[in-house]
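Me: I have just opened this structure and would like a friendly tour. Could we go through it one question at a time?

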Amino acid sequence: MATYAIGDIQGCFGPFQQLLRQIEFNPGKDTLWLTGDLVNRGPESLQVLRWVFQQQDRVQIVLGNHDLHLLAVSEGFGKLHRSDTVDDILNAADGKVLLDWLRCQPLMIAEQGYAMVHAGLLPEWSIDKALRLAEEVEDGLSGPYYRDFLSRLYGNKPTRWADDLKGAERLRVIVNAMTRMRFITREGEVDLAYKGELDGAPANLIPWFEAKGRRSSHTPIICGHWSALGLHVTEDILSIDSGCLWGGSLTALRLEDRQTFSLPCPVYREVAA
Ligand SMILES: [Mn+2]
């Protein structure tokens, strides 16, 4: 009986299934955690979503930015980008069932001594506080006014948390930190512009997890989203998006002993210049 966390799949169904065979995943006994971005950019998003939906009793996911983008686009908010590959889901006969399920998935979980979130947490959030904030978003997404909620999702501002933020601004800081953030400024502002590697980052930016006094630092956090960082495993941060989509690898992390298993992947997308 083991729990494996797997990084961003982004529609790479073939490598995903191959990795499950490699780790000898036993659906009757083992549990799977997925760091989000199940869909988009890769070739077989519908297959990934269907598989996870069918196996939902043994799979825990957290929502990523691409999953939220799919939900927004499916309701007519936001635009499909040229690089999006979610048409098959939008046109599938079972698409509505899959999207309704996806919409009700969490933004963050904390179990077995670990927390998992797609991108990151702001320095002033403890794990408990972040869970409560995630729940505010989850309530909106799964509640009767979810279309309103999705319509207000897009935007890079505000860049800083404040306890008295309300409405769409509050929602956006939570969603942007948990599903899009990589770097913050030394003053604690979310920076969504720079997406690259650590080397070469502007001097005023630090990875979110290196923020001084970060209140979530006592719980190891499993995250994805940052393929340019590569597999990055330390005592308290387990960042496991190793860039499957870009010809890197798909990584599974066994929580019990922290062993990692990596499967080299074909190039589905050229890394953008
Ligand atoms: Mn992402």
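Me: Is Leu 99 buried or exposed?

Reply: Happy to help, and please note that this is a predicted model, where local features need pLDDT of at least 70, side-chain atom pairs count only at pLDDT 80 or more, and totals for chains, interfaces and linings use all residues. Residues are numbered from 1 along each chain as its sequence is written, and side-chain values use heavy atoms, with hydrogens and water left out. Leu 99 sits in helix 5 (residues 95-103); helices are DSSP runs of H or I with at least four residues, strands are E runs of at least two, and both are numbered from the N terminus. Its relative accessible area is 10%, and since under 20% means buried, over 50% exposed and in between partly exposed (1.4 Å probe, protein chains only), Leu 99 is buried.

Me: Which residues is Leu 99 in contact with, leaving aside its neighbours within four places in sequence?

Reply: Contact means heavy atoms within 4.5 Å. With those neighbours set aside, the partners of Leu 99 are Leu 70, Leu 71, Ser 74 and Ile 89.

Me: Which residues are the protein donors of the manganese ion?

Reply: Donors are N, O and S atoms within 2.8 Å of the metal (3.2 Å for Na, K and Ca), and sites may look incomplete because water is not among the atoms. Here the donor atoms lie 2.1 to 2.3 Å from the manganese ion, and the spacing of their residues in sequence is D-x27-N-x52-H-x106-H. The residues are Asp 37 (OD), Asn 65 (OD1), His 118 (NE2) and His 225 (ND1).

Me: How many residues apart in sequence are the parts that Asn 65 and His 118 tie together?

Reply: Asn 65 belongs to helix 3 (residues 65-74), while His 118 is in the loop between strand 5 (114-117) and helix 6 (127-142). His 118 is also buried, at 0% relative accessibility. The pair therefore ties together parts whose separation in sequence is 53 residues.

Me: Where is Ser 216, and what is its relative accessible area?

Reply: Ser 216 lies in the loop between strand 8 (205-207) and strand 9 (221-223). Not counting residues up to four places away in sequence, Ser 216 touches Leu 121, Trp 125, Ser 126, Ile 127 and Ile 221. Ser 216 is buried, and its relative accessible area is 1%.

Me: Which residues does UniProt list for the domain "Calcineurin-like phosphoesterase"?

Reply: The name comes from an unreviewed UniProt entry, and such annotations may be inferred rather than shown by experiment. In the model, this stretch is 43% helix and 11% strand, with its end C-alpha atoms 30 Å apart. The listed residues are 4-172.
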